[in-house]
Structures are given as structure tokens and as C-alpha cells.
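Please examine the structure shown below, and keep it in view while reading. The paragraphs that follow lead from one part of the chain to the next.

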Amino acid sequence: MANLVKQITATRLVPVVVLDDAADAHGLADALVSGGLPVAEVTFRTAAASEAIREISSRRDILVGAGTVLNVEQVDQALDAGARFVVSPGLSEAVVRRCQDAGVPVFPGAVTATEVQQAIELGLEVVKFFPAETSGGAKAIKALSAPFAAMRFIPTGGIGTSNLAEYLALDCVAAVGGSWMVPRQAIRDHDFSAIEKLTRDAVAMTR
């Protein structure tokens, strides 16, 4: 599990993907891989999520996880489909425990000192900071890192090209989640060349 966490965070970016049609899964994965970002968090916001994860998980060139996972039932669906990691918007002990029992990395949302401390008590070392911008942004993360020096964060929500560098500059930020490189409409329009370019540009910003 530790190796998977390192693999996920090594990219510095986690594309947050909404797929309305599982038939678009491979085109989206091709664009991310070609753009230099072989990871995807497919959100459980559509009925196509499980099948899309299944399609992407059949590949060897990209790491796929499930996002917006709200309960243990969705954890089971995600893992059955082949998700290698799980992300949830909030901190659910039931979700965390189910993932831990399965040996799968889980990144629950935590934006307050109480939530971060609960995450530590659950044995977690990385949490999602969501929604990042409306929860105080990079300044809030920096403040939380003072008392919780061992915790690392994956801020997500309201982050794009204009403020990405601000988050990546923090040592406590393991990676940044975002959807700006994978616009939902571009996926619907099968404009995967545009997604590849946006992804390549995003990756360049991390350097």
C-alpha cells in the first residue's frame, strides 16, 4: 500500500475525472498517458463510474482510483471494478476501515484540525483537503501542517493553472487534485487531443 501511495503522489497531480459514458474511458486514459500523467480518479458521480474504472483498470499504463466514494457499498463497487485507490470528500471511519481491510490506499477529506487528528488516529498519513479554495486554500493547509507535521495533503477543489504553484510550493502537499486538465465537456465531445494538451501543460507546471 505504501508503494501505491508513493506512485500516486509521485505524479504531483491527480486528475479528477467525470465520465458520463464508459465508452470514453480508453480515449481519456490515452490522453492522460500521452500527456505524461498516468493516473486518474474516476468519480462516483455518474452511473458509468464503475464500468469506466473497470475499463481503465484493464490497462497496465495507468493507475486508476475511485473518487467521491461516500459509503462502504461504493468502496466494494470500486474495488470490484479494479480501483487501486479510493478518495472520499469527507472523513468516514467506515469507508476508511473497509479500504484498510482491503489493503487499498484511501484519501478521505479533512479540512479541520479535528478531522486531521481523527485521520491520524485511523492510521492515515495522507488526506484530501476538500474543497481547498473555499476552506482557506494553501494558507489553511500550511497552518494545519504546523501541529500535524507528519500529515500530507492532496488539496482539491477550485485549483487550476492560476494557483497550482501556490499549493505545490508547500512541502506538506503530496499532490494536487484537479479537473481543469480533464474538462467534462471535452470528454463528452471526444476532444481527447485537447485533454492531452491540457494535461501536458499541467505536468509542465509541476516542474
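**From the first helix into the fold**

Helix H1 is followed by Arg 12, a residue with a positive phi near 70°. The model considered here is a predicted one. Arg 12 lies in the loop that connects H1 with strand S1. Its phi of about 70° is positive even though Arg 12 is not a glycine. Is Arg 12 buried, partly exposed or exposed? Its relative accessible area is 24%, so Arg 12 counts as partly exposed, since the buried class is reserved for values under 20%.

A second residue may be set beside Arg 12. His 190 also has a positive phi, near 60°, and is a residue other than glycine. This histidine is located in the loop between helix H9, residues 184–188, and helix H10.

The helix that precedes Arg 12 may now be considered. Which residues of helix H1, residues 2–10, are buried? They are Leu 4, Val 5, Ile 8 and Thr 9. Because these residues cover an arc of only 125° around the axis, they lie on the same side of H1. The general geometry of helices helps in reading such a pattern. An α-helix has 3.6 residues a turn, so residues three or four places apart point the same way. On the other side of H1, the residues Ala 2, Asn 3, Lys 6 and Ala 10 are exposed. The buried residues of H1 pack against five strands: S1 (13–17), S3 (63–67), S5 (106–108), S6 (126–129) and S7 (152–155).

**Strand S6 and helix H7**

Strand S6, one of the strands against which H1 packs, contains Phe 129. With a relative accessible area of 0%, Phe 129 is buried. Which residues are in contact with Phe 129, once its neighbours within four places in sequence are left aside? They are Ala 110, Val 111, Ser 135, Gly 137, Ala 140, Ile 141, Leu 144, Phe 153, Ile 154, Pro 155 and Thr 156. Phe 129 and Gly 109 are 20 residues apart in sequence, and their C-alpha atoms are 5.4 Å apart in space.

The chain then enters the loop between S6 and helix H7, where Pro 131 is found. The peptide bond that leads from Phe 130 to Pro 131 is cis, with an omega near -10°.

Helix H7 itself spans residues 137–145. Its buried residues are Gly 137, Ala 138, Ala 140, Ile 141, Leu 144 and Ser 145. Why can these residues be said to line one face of the helix? Seen down the axis of H7, they fall within an arc of 160°, and therefore they line one face. The face turned away from this buried side carries the exposed residues Lys 139 and Lys 142. The buried residues of H7 are covered by elements that include helix H6 (113–121), S6, S7 and helix H8 (164–168).

**Helix H2 and its partners**

The remaining paragraphs concern the packing of helices against one another. Two packed helices are described by the angle between their axes and the distance between the axes.

Helix H2, residues 25–34, packs with helix H10, residues 192–205, at an angle of about 35°, and their axes are 8 Å apart. H2 passes H10 in a right-handed crossing. On the side of H2, the contact is made by Gly 27, Leu 28, Ala 31, Leu 32 and Ser 34, and on the side of H10 by Phe 192, Ile 195, Glu 196, Thr 199 and Arg 200. These residues comprise 5 nonpolar, 3 polar and 2 charged.

H2 also meets helix H3, residues 49–57: the two axes come within 9 Å and cross at roughly 50°. This angle makes H2 oblique to H3. Here too the crossing of H2 past H3 is right-handed. Ala 25, His 26 and Ala 29 of H2 make the contact with Ala 52, Glu 55 and Ile 56 of H3. The residues of this contact divide into 4 nonpolar, 1 polar and 1 charged.

The account ends in helix H10, which contains Asp 201. Asp 201 has a relative accessibility of 37% and therefore counts as partly exposed. Between Asp 201 and Asp 80 there is a separation of 121 residues in sequence and, C-alpha to C-alpha, of 33 Å in space.

How values were computed. Residues are numbered from 1 along each chain as its sequence is written. This is a predicted model: local features need pLDDT of at least 70, side-chain atom pairs count only at pLDDT 80 or more; totals for chains, interfaces and linings use all residues. Side-chain values use heavy atoms; hydrogens and water are left out. Axes are lines fitted to C-alpha atoms, for helices over the stretch in contact, and angles run from 0 to 180 degrees between N-to-C directions. Helices (H or I, at least four residues) and strands (E, at least two) are DSSP runs, numbered from the N terminus. A crossing is left-handed if the near helix is turned anticlockwise from the far one by less than a right angle, and right-handed if clockwise. Contact means heavy atoms within 4.5 Å. Ala, Val, Leu, Ile, Met, Phe, Trp, Tyr, Cys and Pro count as nonpolar, Asp, Glu, Lys and Arg as charged, and the others, Gly among them, as polar. Angles under 35 degrees count as roughly parallel, over 145 as roughly antiparallel, 65 to 115 as roughly perpendicular and the rest as oblique. Buried means under 20% relative accessible area, exposed over 50%, partly exposed in between (1.4 Å probe, protein chains only). The arc is that of the directions from the helix axis to the C-beta atoms.
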